[in-house]
Amino acid sequence: MNYKIAVIPGDGIGPEIVREARKVLDQAAARFGFTLSYTELLLGGASIDAHGVPLTQETIEGAKSSDAVLMGSIGGDARISPWYKLEPSLRPEAGLLGIRKALNLFANLRPAYLYDELRAACPLKEEIIGEGFDLMIVRELTGGLYFGERKTIEENGSKKAIDTLVYSEDEIRRIAVKAFEIARKRRGRLCSVDKANVLDSSRLWRAVTEEVAKDYPDVELSHMLVDNCAMQLVKDPGQFDVILTENMFGDILSDEASMITGSIGMLSSASLNETKFGLYEPSHGSAPDIAGKGIANPIATILSAAMLLRYSLDQDEAADAVEEAVKSVLAEGYRTADLMSEGCIQTGTEQMGDLIAGKVAGK
Ligand code: IPM
Ligand code: MG
């Protein structure tokens, strides 16, 4: 079996971390008897440099004609990069939002799991960590504040900026269904996070989620306000199984969740549509401050590649092997700089990739 993988290295540390993830994917393919053919596509700053726009039709078509997309990260340092002199719709992030929308990737899965080996890197106290945590954030990705109408106007000589948070019942229902399906395959608990004490969109979110819950009597649904959820994540993260939330809240909560796993460099993600197709990228950004230094943590991208194997290619065994490989390299004490703690062995990006790829190959 051959699969077509579109690869978007992107900007900053993107090319370095994607290189390591590809290495790991190649070993997984060799070991489990399938092949992968890659096509590189441009997005974000790299696309602006080549074509003047952050997303081209060529990239959309290239992604659509593949089985899955593996992505690094996009964007630069807004204080110095020329990309941020362009109008907002032409900046790197607009490319990312554009491709999510063009491919209808409405479901963003961000698993946050504390490896036993990384307890020392977790910023929470031992008594809070307790038995550890293993949660999945299901973030709506193509609606809400990110895609509502926005404009900046001038009224009586004073500027006014407007962003709109819009959700339709259908948009809420399809992401809720995904989250219930995922909860059903995990520990059967779904916490829907909103701001229903203030926002109409959240009140509709709650009502629709309640309605969908009727089809999933085996899943226990609860609701939590987003400010409380931000607090609960650092107070008792072990209470969560699946968290379902809208685009902006999910963006914020997933950064918080990633930090308690030890480093933002650990959090993978899958962005899915109604089919098997998906785009897989780490939840972190392009870290321009450390780009090219060979010190970035490639694990979030490698774990995203594992999700690609699992969700888009149905290669569960290969996905398990990649996840196991990450675990055993961590167990042997290897750490990139962001995860470093006493007694561990510091590695760079490439060495970490080699170690994990080696384990996947069965070495
Ligand atoms: C993420 C990122 C993006 C987002 C940015 C780069 C636009 O923060 O994937 O979480 O806000 O969705
Ligand atoms: Mg984010």
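Trainee: What makes the pair formed by the side chain of D251 and an oxygen atom of ligand 1 a polar contact?

Mentor: In this predicted model, an N or O atom in the D251 side chain is 2.9 Å from an oxygen atom of ligand 1. The cut-off for such a pair is 3.5 Å, so the pair counts as a polar contact. R100 also places a polar side-chain atom 2.7 Å from a ligand 1 oxygen, and for Y146 the distance is 2.6 Å. Of the 320 Å² of accessible area that ligand 1 has on its own, the protein covers 78%.

Trainee: Which residues surround ligand 1, and why is L96 counted as nonpolar?

Mentor: The surrounding residues are E93, L96, R100, R110, R139, Y146 and D251. Leu belongs to the nonpolar class, and therefore L96 is counted there. By class, the shell holds 2 nonpolar, no polar and 5 charged residues. Helix α4 (residues 92–102) gives the largest share, 3 residues.

Trainee: How do you know which pocket ligand 1 takes?

Mentor: A molecule is assigned to a pocket if more than half of its atoms lie within 2 Å of the grid points. Ligand 1 takes the space of the second largest pocket. That pocket has a volume of about 430 Å³. Among its 24 lining residues, E93, L96, R100, D251 and G285 are the closest to its centre. α4 supplies the largest share of this lining, 4 residues.

Trainee: What lines the largest pocket, by class?

Mentor: Its lining has 14 nonpolar, 3 polar and 15 charged residues, and the space in this pocket is about 1000 Å³. M136, R186, M307, R310 and Y311 are the closest to its centre.

Methods:
Residues are numbered from 1 along each chain as its sequence is written. Chains are lettered from A and ligands numbered from 1 in the order in which they are written. This is a predicted model: local features need pLDDT of at least 70, side-chain atom pairs count only at pLDDT 80 or more; totals for chains, interfaces and linings use all residues. Side-chain values use heavy atoms; hydrogens and water are left out. A residue is near a molecule or strand if one of its heavy atoms lies within 4 Å of it. A polar contact is a pair of N or O atoms within 3.5 Å; within protein, one must be able to donate a hydrogen and the other to accept it, and residues adjacent in sequence count only if both atoms are side-chain atoms. Accessible areas come from the Shrake-Rupley method with a 1.4 Å probe; for residues, only the protein chains shown count as cover. On a 1 Å grid over the protein atoms alone, a cavity is a set of points where a 1.4 Å probe fits but cannot get out, and a pocket is an open set with protein on both sides within 12 Å along at least five of seven lines; lining residues have an atom within 4 Å of a point. Helices (H or I, at least four residues) and strands (E, at least two) are DSSP runs, numbered from the N terminus. Grid points are joined across faces, edges and corners, and a volume is the space filled by probe spheres set on the points.
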